[in-house]
Amino acid sequence: MKHGIYFFDHSVLTTAIQDFTAVIREDPSNAEARLYRGRTYAKQQQYRNAIQDLAAAIHLDPSCWQAFYYRGCILQQVDPKRALQDFSVSVLINDTQENFCSFLHRGIIYSKQCQWSLAICDFESVIALNSSVIFAYLNIGLILLLHLDQYYEAIRQFTNAIKIDPLNVRAYLCRAQAYHKIHNLSNAVKDMNRAIHLYPNKSQLRILRGRYLMDLKKYELASLCIHQLAEIDEESFKSQPVQQALIQSFCQNHNKAIESLRKAIATQPEPSMFVLLGKMQMKAEKTKDAVESFKQAIELQMTSAKILHNAFEAAEMYYLMGLCYMEQTNLLQARDAFNMAIRLHSSYPDAFYQRGLCRMQLGQAKCIRDFNRTLALCPSHFQAYMSRAAYYGSKGRYSKAIMNCNEAIKILPNSARAYFYRGTLKYQNKTFKAAIEDLSKTIDLNKTCILAYYNRAICYHQIKNFRKALKDYGILILHELSKEIIFKVLINRGLLYMEVSDYANACEDFKEAALLSPGDLSSKIFQAIGICYHRLNEFEEAVRSFNQVIKLEPISVDAYIGRGNSYTESGHEAGLKLAQKDFLKAIHLNPMCTKARICLGYNLQVHGKLQRAWNQFTVAIVIDPKCYTAYDGRASVCLQMGENFAAFQDINAALKLTTTAPLLTNRGVINQLMGYLSCAMKDYQQAISVDPNYALAYFSAANIYFHNHQFSQAYCYYSKVLKLEPRNESAIMNRAITNTILKNFEEAREDFEKAVCLCPFSAAVYFNRANFYNGLKQYEQAEKDISTALSIQPNDALMYRLRADIRAKLGFNKEAVEDYKQAISIQEQIDCL
């Protein structure tokens, strides 16, 4: 026995077998001899004899863990299930360091069976028994890296392997791949450098380092790395043209790559070589040449005896040909190519998907069937869900499209594209807040996604969050964008500024947009500029803008109305006449335009042509019985004509159509003129409840309180008016008088000072302040103010009388008598009239 073991240890296997056979003849129950002869047969690859001897050893000695172990090693490839049983029995008998290899081999079988947790447990047992086994660390790390996505733990395992053997190239390679997975590219490159240092002539190591450098966006270093590889291994590449072509393709030298492959095909014309050439030509955007290459590959494939075994390869050729046709927009040929790919390989999800895209571009509803088939074959096909979402979105079925985006996001949770498209669908579905959430997520994932900022700004605009909308538009303007996008941003931001009554900024945006606008939109932009200038009270500029519109579009009714309104606001007689001509021109162009008739009605009212104005408002009502502005305008004409009841009826008709603060205030004024003060007050209060920021309602209510001697309430309402309109001179004047009555003299003095600053040429202001000073017995200041009032309005008997009273108190009797005489003279003239 010892003689045989000696020869076994020194690999003299034939002699060892003879010795072990002699022992077995003498002692058929010798389990050890059976074990060693079985191991010797295994070394000679006589596996059948080896298994028989090992089985006999187990039968003779069921506690022989080595026999189970070695039999498991032999069965590992041919019968993994029995091998697992043998390794399990072996470790059950002996689970010490002596038998760690059983754990190791069992872990390998579990790995092949994809039982990752069991495999890891066995490799961890190996490490616990023998911590120097690098293979165990590597296997745990690879399982964590490739199958469980536990990249940080994988890095720890590879690091442990490197600590044990700092020269283990495989450990560095695996750790580099793990670092690449967590986007720690700098450490990945360092590990590749270490591996290259250990094996400087391994071309694949340099290729991997080049890829990692490209991911780091260090393109020059990556290119240098690949070029160094080509120089170092130049002779090798000459004998391997395919490898050389791949390297040149990686360096984006597509023409050189194609040339290398053509040389290879000249000596080795195989279908796979033509397919690779076609792929290179596709990268070089030579799709016509690529189609020819794929056709040649198909011809060679058809003549091959292995056609039945290469169905997928043939299907892929048609699939790639279809992609080329798609690039050339030859959709019908592309569809036929994808049909052939599917016919050859009916479980080809990408072929179904591309055929679906092709059919969608051809406007065929059957495209949805292809997308459904794609997802049935490959439920994790992200692009299929996105294309199906695009199809449903194009049909207006937004909810269904959103559901498909949801599924796409489950597959790729950090896809900016999926969040962006779902956000646009939610915008179309008018769920603006939900759309904003998705678009914000898109921006978090991709800070440079211009369209996400643009669409989010539109959503903010829709929900009236103007501040954030302006912020997004501002961010867009800061980017270098195409003229088309900048134009749209300026238009949208201009419209937003108009909505918040910031007409100055709106005007600037529209003027800038006008420089970029296509010809068919110029007139609309100048129209918007004209409206902004009109709102800014820059009426001459407004007229120029509307002139430009009329020059571009001579039949623009809105331009004539806008210019007419600007002429009207200019305030001079010539402007009113020009405005009337513009309104008449607008009516001539469109007799059914109620807006033009209403503007003409107000113009005629200003000219005192009340009947004609009344006629225009009436025609507008006939054209559009629901035009409340026409009723409001006719009410104002009726009021001016003294037809209070008719005015009341018209304003009520307007209020039946809509309830606004101005209409309620106007009805209040009519009620007040008719003597129904309580009804008027109700209207003013209702107007305030409809619009708490409508100053005229507060002012009118304050006047009623003042008339009723409710001075405290009047004071409060005048103050609210001034809070809303700080430069309202009438409210300041009335509050000053109210403060005087309430004996709030200091506040009254301040109000009079403000009134004088706002209206330095108003006789009424000086007259009322003179009364104020007269009441305070400050006669000199009173005399000064009443004299100023008379210089502005010299033919007022009441003012002369007041100045006469003041001068009498100052002792200027002679001047006082003259003022009395002047007052009497003016009054007599008025009485004679």
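The domain assignment of this protein, whose bounds come from an automatic or database domain assignment, gives domain 1 as 393-480 and domain 2 as 659-760. Their C-alpha centres lie 48 Å apart. The model is a predicted one, in which local features need pLDDT of at least 70, side-chain atom pairs count only at pLDDT 80 or more, and totals for chains, interfaces and linings use all residues. Residues are numbered from 1 along each chain as its sequence is written, and side-chain values use heavy atoms, with hydrogens and water left out.

Let me turn to helix 25 and the loop before helix 24. Helices here are DSSP runs of H or I with at least four residues, and strands are runs of E with at least two, numbered from the N terminus. Asn-404 sits in helix 25, residues 398-411. This residue has a relative accessible area of 5% and is therefore buried; buried means under 20%, exposed over 50%, and partly exposed in between, with a 1.4 Å probe and protein chains only. Contact is taken as heavy atoms within 4.5 Å. Not counting residues up to four places away in sequence, Asn-404 touches Tyr-385, Arg-388, Ala-389 and Tyr-392. Its C-alpha atom is 91 Å from that of Gln-822, and the two residues are 418 apart in sequence.

Tyr-385 also appears among the contacts of Pro-379, which, leaving aside neighbours within four places in sequence, is in contact with Tyr-385 and Ile-411. Pro-379 belongs to the loop between helix 23 (367-377) and helix 24 (382-394). With a relative accessible area of 55%, Pro-379 is exposed. The C-alpha atoms of Pro-379 and Glu-407 are separated by 9.6 Å, with their positions 28 residues apart along the chain.

Next, Asn-644. This residue is in helix 39, residues 644-657, and at 24% relative accessibility it counts as partly exposed. Apart from residues up to four places away in sequence, Asn-644 touches Cys-638, Leu-639, Ile-670, Leu-673 and Met-674. Asn-644 and Ser-399 are 56 Å apart, C-alpha to C-alpha, and 245 residues apart in sequence.

Further along the chain is Arg-807, in helix 48, residues 797-810. Why is Arg-807 counted as buried? Its relative accessibility is 14%. Outside the residues up to four places away in sequence, Arg-807 touches Glu-783, Ser-787, Phe-812, Glu-815, Ala-816 and Asp-819.

I come now to the backbone. Most residues other than glycine have a negative phi, and most peptide bonds are trans. Thr-329, which is not a glycine, has a positive phi of about 60°. Thr-329 lies in the loop between helix 20 (311-327) and helix 21 (331-344), and is exposed, with a relative accessible area of 60%. Lys-777 likewise has a positive phi, near 65°. Its place is the loop between helix 46 (763-775) and helix 47 (779-792), and at 61% relative accessibility Lys-777 counts as exposed.

Glu-285 takes a positive phi of about 60° just after helix 18. Glu-285 is in the loop between helix 18 and helix 19 (287-303) and is exposed, at a relative accessible area of 70%. Glu-285 and Glu-327 are 42 residues apart in sequence, and their C-alpha atoms are 9.0 Å apart.

Helix 18 itself covers residues 271-283; at 1.5 Å a residue its 13 residues should span 18 Å, and its end C-alpha atoms are 19 Å apart, which agrees. The expected span is 1.5 Å times one less than the number of residues. The buried residues of helix 18 are Pro-271, Met-273, Phe-274, Val-275, Leu-277, Gly-278, Met-280 and Gln-281.

Finally, the largest pocket. It holds about 560 Å³ of space. Of its 21 lining residues, the closest to the centre are His-534, Arg-535, Asn-565, Lys-595 and Cys-599. On a 1 Å grid over the protein atoms alone, a pocket is an open set of points where a 1.4 Å probe fits, with protein on both sides within 12 Å along at least five of seven lines, and lining residues have an atom within 4 Å of a point. Grid points are joined across faces, edges and corners, and the volume is the space filled by probe spheres set on the points.

Which helices each supply at least two residues of the lining of the largest pocket? They are helix 32 (522-535), helix 33 (539-552), helix 34 (557-569) and helix 36 (594-606). Helix 34 gives the largest share, seven residues.
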